[in-house]
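Student: I am new to this structure and would love a close look at one part of it. Could you take me through the end of the chain, and then show me how it fits with the rest?

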Amino acid sequence: MAATGAVLLVLLAFTIGVFANDSDMLQDVCVADRESGIFVNGFPCKNISMITAEDFFFAGIAQPGKITNNILGSKVTGANVQDIPGLNTLGVSMARVDFAPYGLNPPHIHPRATEMIFVLKGELYVGFITTNNKLISKVVKIGETFVFPRGLAHFQKNLSKYPTAVIAAFNSQLPGTQQFAAALFTSKPDVPNDILAQAFNINTKKVEMIRAGLS
Ligand code: GLV
Ligand code: MN
């Protein structure tokens with residue numbers, strides 16, 4: 001009986017281990033062929049005779065991203081498999097986040113990745129929230145790093161009157177991002193007002209006000 005329990009535990013640990021990250025690669029490279037029209041987990045591979053250095057290159061996070069959302073004052077520029085086809089099956093990606101003075105990267109999760117940030121300039125108040133609602137937060141400055149564990153709600157806020165930027169690294173080729181406010185209040189079709197009113201203990205008028213403010 002005890003032996004069966006131990007085997008089950010080992011199997012469980014193995015399963016968690018196997019599925020804790022993007023799937024492992026089975027060849028040197030599998031440059032994404034995004035035009036193939038075939039839908040698989042990840043992307044099918046380009047013929048290796050057709051790959052070039054450009055498949056592994058991206059200059060899109062060399063410069064600050066253009067901040068167009070004046071309410072939030074932040075801009076995330078991804079450097080993932082959608083920008084760099086050579087990342088397909090490699091299990092890593094990056095992003096750059098630029099912040100206007102007092103800008104906020106609002107609470108969000110990445111369903112497929114842990115994130116680690118490196119502060120390029122300025123300082124930020126950053127934090128994540130555990131599943132038992134403990135806030136782990138800190139002010140981080142230029143050259144410092146901070147980790148946001150996979151799947152946990154997190155945010156970054158520029159505390160200063162100067163522009164700030166971070167580089168983020170992820171252990172997924174496509175971490176995915178779900179912002180709570182946008183997901184709940186701007187989904188299509190709408191999450192019904194009474195669901196949000198009950199969840200947040202507010203009336204449906206306030207739900208509509210929040211929707212209007214976000215759209
Ligand atoms: C920062 O949290 C990001 O997701 O880029
Ligand atoms: Mn993030």
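**The end of the chain, up close**

Tutor: Let's begin at F200, which has a relative accessible area of 41%. That value lies between the cut-offs of 20% for buried and 50% for exposed, so F200 counts as partly exposed. Please keep in mind that this is a predicted model. The protein chain has an average pLDDT of 92, with 91% of its residues scoring at least 70.

You will find F200 in helix 3, which covers residues 193-200. Setting aside residues up to four places away in sequence, F200 touches L184 and F185. For a sense of distance, look across to G73: its C-alpha atom is separated from that of F200 by 25 Å, and the two positions lie 127 residues apart along the chain.

Now step to N201, in the loop between helix 3 and helix 4. N201 has a relative accessible area of 71%, which is over 50%, so N201 is exposed. Its backbone is worth a glance too: phi is positive, about 55°, although N201 is not a glycine.

Beyond that loop comes helix 4, residues 204-214, and R211 has its place there. Is R211 buried or exposed? Its relative accessibility is 11%, under the 20% cut-off, so R211 counts as buried. Its contacts outside its own stretch of sequence include L184 and F185, the pair that we met beside F200. R211 also reaches D190, V191 and P192, together with N193 and L196. Those last two positions fall within the span of helix 3, residues 193-200.

Follow the chain back a little and you come to the loop between helix 2 (180-186) and helix 3, where P189 is found. The peptide bond that joins K188 to P189 is cis, with omega at about -10°.

With that part in view, we can place it in the whole. The protein chain has four helices and ten strands. Along the sequence, one helix is followed by the ten strands, and then three helices close the pattern. Of contacts between residues at least 6 apart in sequence, 67% join residues at least 24 apart.

Among the strands you can look for the largest nonpolar core, a group of 16 residues. I117, F146, F148 and V166 are among those with the most contacts inside this core. At least two core residues come from each of strands 2, 4, 5, 7 and 9. I117 makes a good landmark: beyond its sequence neighbours, I117 touches V126, V140, F146, F148 and V166, among others. In soluble globular proteins, nonpolar side chains tend to be buried together.

Y102 is a useful comparison with N201, since Y102 also has a positive phi without being a glycine, in this case near 60°. Y102 sits in the loop between strand 2 and strand 3 (104-109). With a relative accessible area of 47%, Y102 is partly exposed.

For a last stop, find the largest pocket, which holds about 530 Å³ of space. It is lined by 22 residues, and D22, S23, N41, G42 and Q173 lie nearest its centre. The lining is made up of nine nonpolar, nine polar and four charged residues.

One caution for the opposite end of the chain: over residues 1-18 pLDDT stays under 50, and the model gives this stretch zero contacts beyond four places in sequence.

Definitions and conventions
Residues are numbered from 1 along each chain as its sequence is written. Chains are lettered from A and ligands numbered from 1 in the order in which they are written. This is a predicted model: local features need pLDDT of at least 70, side-chain atom pairs count only at pLDDT 80 or more; totals for chains, interfaces and linings use all residues. Side-chain values use heavy atoms; hydrogens and water are left out. pLDDT is the predictor's confidence in each residue, from 0 to 100. Contact means heavy atoms within 4.5 Å. On a 1 Å grid over the protein atoms alone, a cavity is a set of points where a 1.4 Å probe fits but cannot get out, and a pocket is an open set with protein on both sides within 12 Å along at least five of seven lines; lining residues have an atom within 4 Å of a point. Grid points are joined across faces, edges and corners, and a volume is the space filled by probe spheres set on the points. Ala, Val, Leu, Ile, Met, Phe, Trp, Tyr, Cys and Pro count as nonpolar, Asp, Glu, Lys and Arg as charged, and the others, Gly among them, as polar. A nonpolar core is a set of buried Ala, Val, Leu, Ile, Met, Phe, Trp, Tyr and Cys residues joined through side-chain atoms within 4.5 Å. Buried means under 20% relative accessible area, exposed over 50%, partly exposed in between (1.4 Å probe, protein chains only).
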